[in-house]
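Here is a set of short exercises to work through with the model open beside you. Try each task before you read its solution.

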Amino acid sequence: MMLVVLALLIWISMWVLNVRLATGENANTRTAGLLVPAIFGLTILVVWELLVRGLDVPLVILPAPSHVLATFFSELPTLWLDLQQTFLKGAMSGYIIGCGAAFLTAILVDRYDFLKRGLLPVGNFVAALPIVGTAPILVMWFGFDWQSKAAVVVVMVFFPMLVNTVAGLQETTAMQRDLMRTYGAGYWPSLTKLRLPAAMPFIFNGLKISTTLALIGAIVAEFFGSPTMGMGFRISTSVGQLALDMVWAEIVVAALAGSAFYGVVALVEKSVTFWHPSQRK
C-alpha cells in the first residue's frame with residue numbers, strides 16, 4: 001500500500017503546485033502556460049504507474065505506462081507501418097479529398113441558393129448516420145485496402161467542413177457587401193477579396209474539427225476489414241490476443257499523430273488569420 005499512499009501524496013502536491021501556477025502572478029506567461037499541462041500530464045502518468053503496481057492490476061486489465069513505453073519502443077517498426085497505412089494513406093487522403101470537395105461545394109452552395117435549400121438538409125441527414133453503419137458498406141464498395149478507409153473519412157469530414165465554410169461565407173455584413181458593389185465588384189471579386197478572407201476562421205474551424213474525425217474514421221473503418229496492418233486492425237487483433245500493452249501503444253501513436261496534425265493546422269490558421277480577435281494575445 002506504500003505505492004498507493006505515495007500516489008495520493010504526489011497527486012495532492014502536484015495539484016497544489018498547478019493551482020499556484022495557474023492563479024499566481026505569472027499565470028499569464030508562456031512558461032506557466034506550458035508548465036501547467038505538462039505537470040498535469042506527468043502527474044497522471046506517475047500516479048497511474050504507482051497505482052497499477054501498488055494494487056497489482058493485471059496486465060490484461062490495465063498495463064503500467066512503463067510497460068506500454070517498453071512495448072512502444074520494441075514494436076516501433078510495426079507501429080510505423082500501421083501509422084503509414086492508417087494515417088498517411090487512409091486518413092490524410094480522405095481528409096484532403098473530403099475537405100477540398102466540401103470547400104468547392106460550399107462555394108457552389110453560396111452561389112446558387114437552390115443548392116443551399118436542397119443540399120444542406122441532406123448533408124445534415126448524412127452527417128447523422130453512424131459510422132459503424134456506413135463503414136462496412138464503404139469497405140465492401142471500395143475494398144479492404146486504404147481506399148475504403150479514405151472513403152469513410154471523406155463522408156465524415158465533408159459535411160462539417162461544408163457547414164462551417166457556408167457559415168463563414170455569410171459572415172460579412174450588408175454594409176461591407178454594399179461597399180464592394182459600389183466599387184463595381186461582381187460576385188467573384190467580392191468572394192476572393194472580401195468574403196473568403198472573412199470566412200477563414202470558420203474554414204479553419206472546419207479543418208480542425210476534421211483532423212480528429214479523419215483519424216477516428218480511418219481507425220474505426222479498419223475494424224470492418226483491412227490488410228494485415230493498420231491501427232484499427234492492430235487494436236482489434238491485440239484485444240483478441242489480450243495484448244493490452246500493444247493496444248495502448250497504438251493509442252499513444254494515434255494520440256501523437258492526431259495532436260501533431262491538429263497542431264499543424266492550428267499553426268497555419270494562426271499565420272493566415274492573424275488579424276482575427278481570437279489570435280490576439
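**Exercise 1. A residue in the core**

Task: Decide whether F87 is buried or exposed, and list what F87 touches away from its sequence neighbours.

Solution. Start with accessibility: F87 has a relative accessible area of 10% and is therefore buried (buried means under 20%, exposed over 50%, partly exposed in between, with a 1.4 Å probe and protein chains only). Before going on, a word on the ground rules: this is a predicted model, in which local features need pLDDT of at least 70 and side-chain atom pairs count only at pLDDT 80 or more, while totals for chains, interfaces and linings use all residues. Residues are numbered from 1 along each chain as its sequence is written, and side-chain values use heavy atoms, with hydrogens and water left out.

Next, place the residue: F87 sits in helix 4, residues 76–111 (helices are DSSP runs of H or I with at least four residues, strands are E runs of at least two, and both are numbered from the N terminus). Then look for contacts, setting aside neighbours within four places in sequence: F87 meets D82, M92, L215, A257 and F261 (contact means heavy atoms within 4.5 Å). As a distance check, F87 and K193 are 106 residues apart in sequence, and their C-alpha atoms are 35 Å apart in space.

**Exercise 2. The chain as a whole**

Task: Find how many helices and strands the chain has, and describe its overall extent.

Solution. First count the elements: there are 11 helices and zero strands. Then take the box along the principal axes, which for the C-alpha atoms is roughly 75 × 60 × 30 Å. Of the 281 residues, 39% count as buried. Among contacts with a separation of 6 or more, 71% are between residues 24 or more positions apart. Finally, the accessible surface is about 15,700 Å², and carbon and sulfur atoms hold 73% of it (areas come from the Shrake-Rupley method with a 1.4 Å probe; for residues, only the protein chains shown count as cover).

**Exercise 3. Salt bridges**

Task: Work out how many salt bridges the chain has, and say which parts the pair R234 and D82 ties together.

Solution. Apply the rule, a side-chain nitrogen of Lys or Arg within 4 Å of a carboxyl oxygen of Asp or Glu; the count is three salt bridges.

1. R234 pairs with D82, with the closest N and O atoms 2.9 Å apart. Because R234 lies in helix 10 and D82 in helix 4, the pair ties together parts that are 152 residues apart in sequence. Both R234 and D82 are buried.
2. E269 pairs with K208, also through closest N and O atoms 2.9 Å apart. E269 belongs to helix 11 and K208 to helix 9 (residues 187–221), so this pair links parts 61 residues apart in sequence. E269 is buried at 7% relative accessibility, and K208 is buried at 16%.
3. E49 and R53 meet at 2.4 Å, N to O. They are four residues apart in helix 2, which means a separation of about one helical turn. In general, an α-helix has 3.6 residues a turn, so residues three or four places apart point the same way. E49 is buried at 15%, whereas R53 is partly exposed at 47%.

**Exercise 4. Helix 2 and what follows**

Task: Compare the span of helix 2 with the expected value, and ask what covers its buried residues.

Solution. Helix 2 has 25 residues and reaches 36 Å between its first and last C-alpha atoms, close to the 36 Å expected (1.5 Å times one less than the number of residues). Its buried residues include I39, V47, W48 and L50. Their cover includes helix 1, helix 3 (65–74) and helix 11 (244–272). Just after helix 2, D56 takes a positive phi of about 55 degrees. D56 lies in the loop between helix 2 and helix 3 and is exposed, at 63% relative accessible area.

**Exercise 5. A bend**

Task: Locate where helix 5 bends.

Solution. The bend, of about 30 degrees, is at L119, and a proline, P121, follows within four residues (the bend is the angle between axes fitted to the seven residues ending there and the seven starting there).
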